[in-house]
Amino acid sequence: MFFENSQCLVCLREVGWCPVCKGIHALLPHGDGTYTCANSDCQAHLMKCHNYAVHDVCNRMIAVQQAEQTIATHDKLCDYCRFNETIPDLSVEGNLAKWYQLEVAKRRLLFTLDLLKLPYGTKAEGFELPLSFDFKADIEPSSRAWRNTGGGEKVYTGHANGKITINIREADSVEREKLRVNMGETHRTLIGHFRHEIGHYYWQLLVQNRDEEAFISLFGDHKNPTYSEALNQYYKNGPKPAWWEQYISAYATMHPWEDFAETWGAYLDMVSVLNTAENAYLLTYDSEEQGSKNFDTMIANYLQIGIKVNEVNRAMGLMDILPEIFTQPVLEKLKYIHRLIRKARFMLAKPILSRYTI
């Protein structure tokens, strides 16, 4: 099974993520819209997330007992879909397929946050900085209007006070590649957008008014110059010379907030790759022992995987999976994020069911 599977391609059974035993397993139907988890050690009574049952863009299940506590069928969303505030307009051709790609990337993001035991929550839960997602498209003025009266809207991918907005154009692989080339980026992926924007979310949640002095000592003063001034300067003059000596990416040179978000995204890349490598038996260490590994060991394992897979990708004419250069200044920033995540577990309370720790 792959993380995205909703069906086994061998036996053709439906599968789903069971919230009780925390894994993707076959679903045994009861004929009434509910299922039993086929994991013999679990056998939980489950139902599909509404976005799985109706739109097939999710593959997560809900425990029936939990689902019965909600009022209406359309409220029966899984633990990840409940963070959506705006979904694409499904009356537009192609938007359902784009939404599916967005949900796959979002599930990988939230899975990694749970893996790290990072706090996050919704407004309904009374969480300090509620997390939510808007998946929206640009609104073009009608071409049939006899005169152009405006009415267009440009959607910018970004974060603002807990809301992460993704322009669904990023789910179009052709458009995304055009943007990647035009902006001179090494990688441009949907999951990369999510990991970057959640970095802004955690800066506001964990750094702002809590750890700004330590942040400034590594990333620089986020108040001088202002963000708008730094943005204008970056798009006028480009990245700083020899940026790779101090930064994880060219865009990280734009402003300390972007440096943090880019570095945060690189850290989540590392954690996700290491977790996948562990489950695919690509690294030679004990699964239970990994929880006690320190930052230096994580970096060493990540480089071990990266160098090997880079060479495999090059043999196939594909881009490197690990394009970054980990200079000492970059490593210090990654260590800061490593420490910040460890502290976050005690700063804000959120129940997490995960065996993996760092």
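The following legends describe several close-up views of a predicted model.

**View 1. Packing of helix α3 against helix α8.**
Helix α3, which covers residues 95–115, packs with helix α8, which covers residues 256–279, at an angle of about 85°, and the axes of the two helices are 10 Å apart. Because of this angle, α3 is roughly perpendicular to α8. On the α3 side, the residues that take part are L109, F111, T112, L113 and L115, and on the α8 side they meet L268, V271, S272 and N275. Sorted by character, the residues of this contact divide into six nonpolar and three polar, with no charged residue.

**View 2. The open sheet of strands β6, β7, β9 and β8.**
Four strands form an open sheet with mixed pairing, and their order across the sheet is β6-β7-β9-β8. The edge strands, each of which pairs on one side only, are β6 (84–86) and β8 (158–160). Neighbouring strands of the sheet are turned against each other by 25° on average, with direction ignored. Helix α3 packs on this sheet, where α3 touches β6, β7 (132–136) and β9, and the direction of α3 makes about 160° with that of β7. At the β8 edge, β8 pairs with strand β9 (residues 163–167) in the antiparallel sense over three bridges. Within this part of the sheet, G158 stands opposite T165 in β9.

**View 3. Strands β2, β3 and β4.**
Strands β2 and β3 run antiparallel and are joined by three bridges, and P29 stands opposite Y35 in β3. The hairpin of β2 and β3 has four residues between the strands, and in this hairpin G31 takes a positive phi near 90°. Strand β3 (residues 34–37) is also joined by three bridges to strand β4 (residues 45–48), again with an antiparallel run. Here Y35 stands opposite L46 in β4, so that the residue facing P29 in one pairing also faces a residue of β4 in the other. In a regular strand the side chains alternate between the two faces of the sheet. In β3, T34 and T36 point one way while Y35 and C37 point the other way, and all of these residues are buried.

**View 4. Cysteines without disulfides.**
A search of the whole structure finds zero disulfides. The cysteine sulfur closest to that of C11 belongs to C8 and lies 3.6 Å away, which is too far for a bond. For C21, which is in no disulfide either, the nearest cysteine sulfur is that of C18, at 3.7 Å. C11 counts as partly exposed because its relative accessibility is 46%, and C21 likewise counts as partly exposed, with a relative accessibility of 26%.

**View 5. Backbone features at L12, K22 and P225.**
Most residues other than glycine have a negative phi, and most peptide bonds are trans. L12 is not a glycine, although its phi is positive, at about 70°. This residue is placed in the segment before β1 (15–18), and L12 counts as exposed because its relative accessibility is 53%. K22, which is not a glycine either, has a positive phi of about 60°. The place of K22 is in the loop between β1 and β2 (23–29), and at 33% relative accessibility K22 counts as partly exposed. Another feature of the backbone is the peptide bond from N224 to P225, which is cis, with omega near 0°. P225 itself lies in the loop between α6 (212–219) and α7 (227–237).

**View 6. The surroundings of E324.**
E324 is placed in the loop between α9 (295–315) and α10 (328–347). With a relative accessibility of 21%, E324 counts as partly exposed. When residues up to four places away in sequence are not counted, E324 touches I248 and D269. The C-alpha atom of E324 is separated by 8.6 Å from that of A266, a residue 58 places away along the chain.

Terms used: Residues numbered from 1 in each chain as written. Predicted model: local features only at pLDDT ≥ 70, side-chain atom pairs only at ≥ 80, totals over all residues. Heavy atoms only, no water. Axes fitted to C-alpha atoms, helices over the stretch in contact; angles between N-to-C directions. Parallel < 35°, antiparallel > 145°, perpendicular 65-115°, else oblique. Contact = heavy atoms within 4.5 Å. Nonpolar A, V, L, I, M, F, W, Y, C, P; charged D, E, K, R; others polar. Pairing = 2+ DSSP bridges. Disulfide = S-S within 2.5 Å. Buried < 20%, exposed > 50% of the residue type's maximum accessible area, 1.4 Å probe, protein only.
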